[in-house]
Amino acid sequence: MNSEKIKELDKSKTAHTYSRYDVVLASGKGARCLSPEGKGFIDFTAGIGVNSLGFCDEGWIKVVTEQLNKIQHASNLFYTEPQARLAEALASRTGLSKTVFVNSGAEANETAIKAARKYGTENKGTGANRIITLKNSFHGRTMAALTATGQEKYHRYFTPFIEGFDYCAVNDTEELKKLADENSCAIMIEVIQGEGGVVDLNQDFAEAAEKICRDKDMLLIIDEVQTGIGRTGKLFAYQHYGLKPDIVTFAKGLGGGLPIGGAIMGEKCCNVLQPGDHGSTFGGNPVVCAGALEVLKRLDEDFLREVAAKGEYVKERLLQTSGVNGISGKGLMLGISLEKGKASHIVEGGIREGLLLLTAGEKVRLLPPLNIEWEELGEGLNIMKSLIKSITC
Ligand SMILES: Cc1ncc(COP(=O)(O)O)c(C=O)c1O
């Protein structure tokens, strides 16, 4: 089918829950992809931070197809080796203890919310089930994750919401201290808010959140759905802050393109959820876990150092460009501040010029594959720089 036919069919038969860009993607390799007609793009989106190793990475395809040829699904009533090995790898690379596997970021956060409420109820008493999240956060679209999300624009229409969430302003330590009381069981934060516009938390605020959790017997939940799996130049972004979370949620980048999500839990709460408390038919599927193990294996210290270096290179190149007012984020999760209203024009211009970009609030957001070649990064940045010059000056 050609692009026009695919778009027409899609528009008539899929519900309009996305305002899609005017592009059909048919194939890809690394950080490059093609439309059905062969128009080429450099990809600075990685499927919104999912394709950590780019399109169709050979090593990843090999392990996924090998696993497909062994056993494709077993249900969580049986043990499978890839899930057990992945849980072990996540524990050894975080110092946390045990993982619950699900299929997406929203479900990962639902898991953390349930664990925190049970932890609070068992350890602090009935009623100790309130969770503090941040204004401007994003935690997913299911009802509890949506309620946890501190942005009004996502809350229209979907009342009644789940009770028990309190919202604190970003980096406002005094408010955080006031909100945390005997009824609070957890603080849930993204250390760099992604959908909220690539907003970095202050070191002091992040440390205060950790201290409050320790002092008041609450759980520190870090949502690493977007920031995790090497995206910021460390395996998880909380590691930049030297934090010791009780629960880390992940999704997106771990599967390398297949759906996975989960919550890695520390000593304090890893045995809170017991049989019957939580589950997922597909969670921890062996094919997905085999692919995830390959992603983790590739993200060694040298690889992560290179992600950080690529991020520095992007900052250096773009900060020299007139029209760029600042860059937030770390590694290959970056938000480029431009004059208000210009970000979407840059994204549209990118599509014309063969560069896929994202927005986050008023910023242009870059989430390229972590293994993007330096030369591709440079080529994409050249396109961006000339777009910024022509659109903002
Ligand atoms: C920080 C964060 N949490 C949760 C989610 C929800 O993930 P999913 O779309 O896989 O449910 C997202 C998605 O963008 C996210 O950025």
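Strand E11, residues 247-250, is covered on both faces in this predicted model. Ile-247 and Thr-249 are buried on one side. Val-248 and Phe-250 are buried on the other. In a regular strand, side chains alternate between the two faces of the sheet. A residue counts as buried here when 20 or more other C-beta atoms lie within 10 Å of its own. The four named residues of E11 are all buried.

Strand E11 has pairing partners in E10 and E12. Strand E10, residues 219-223, pairs with E11 in the parallel sense. Three bridges make up this pairing. Within it, Ile-222 stands opposite Val-248 of E11. Strand E12, residues 261-265, runs antiparallel to E11. Four bridges join E12 to E11. Here Ile-247 has Met-265 of E12 as its bridge partner. Ile-247 and Val-248 thus each have a named partner: Met-265 for Ile-247, and Ile-222 for Val-248.

These strands belong to a chain with 13 helices and 17 strands. The radius of gyration of the protein chain is 21 Å, close to the 21 Å that the globule rule gives for 393 residues, so the chain is as compact as a globular protein of that length. Along the principal axes, the C-alpha atoms fill a box of roughly 60 × 50 × 45 Å. Burial extends to 48% of the 393 residues. Among contacts with a separation of 6 or more, 73% come from residues 24 or more positions apart.

Conventions. Residues numbered from 1 in each chain as written. Predicted model: local features only at pLDDT ≥ 70, side-chain atom pairs only at ≥ 80, totals over all residues. Helix = DSSP H or I, 4+ residues; strand = E, 2+ residues; numbered from the N terminus. Rg over C-alpha atoms; globule rule 2.2 N^0.38 Å. Buried ≥ 20, exposed ≤ 12 C-beta atoms within 10 Å, placed from the backbone. Contact = placed C-beta atoms within 7 Å. Pairing = 2+ DSSP bridges.
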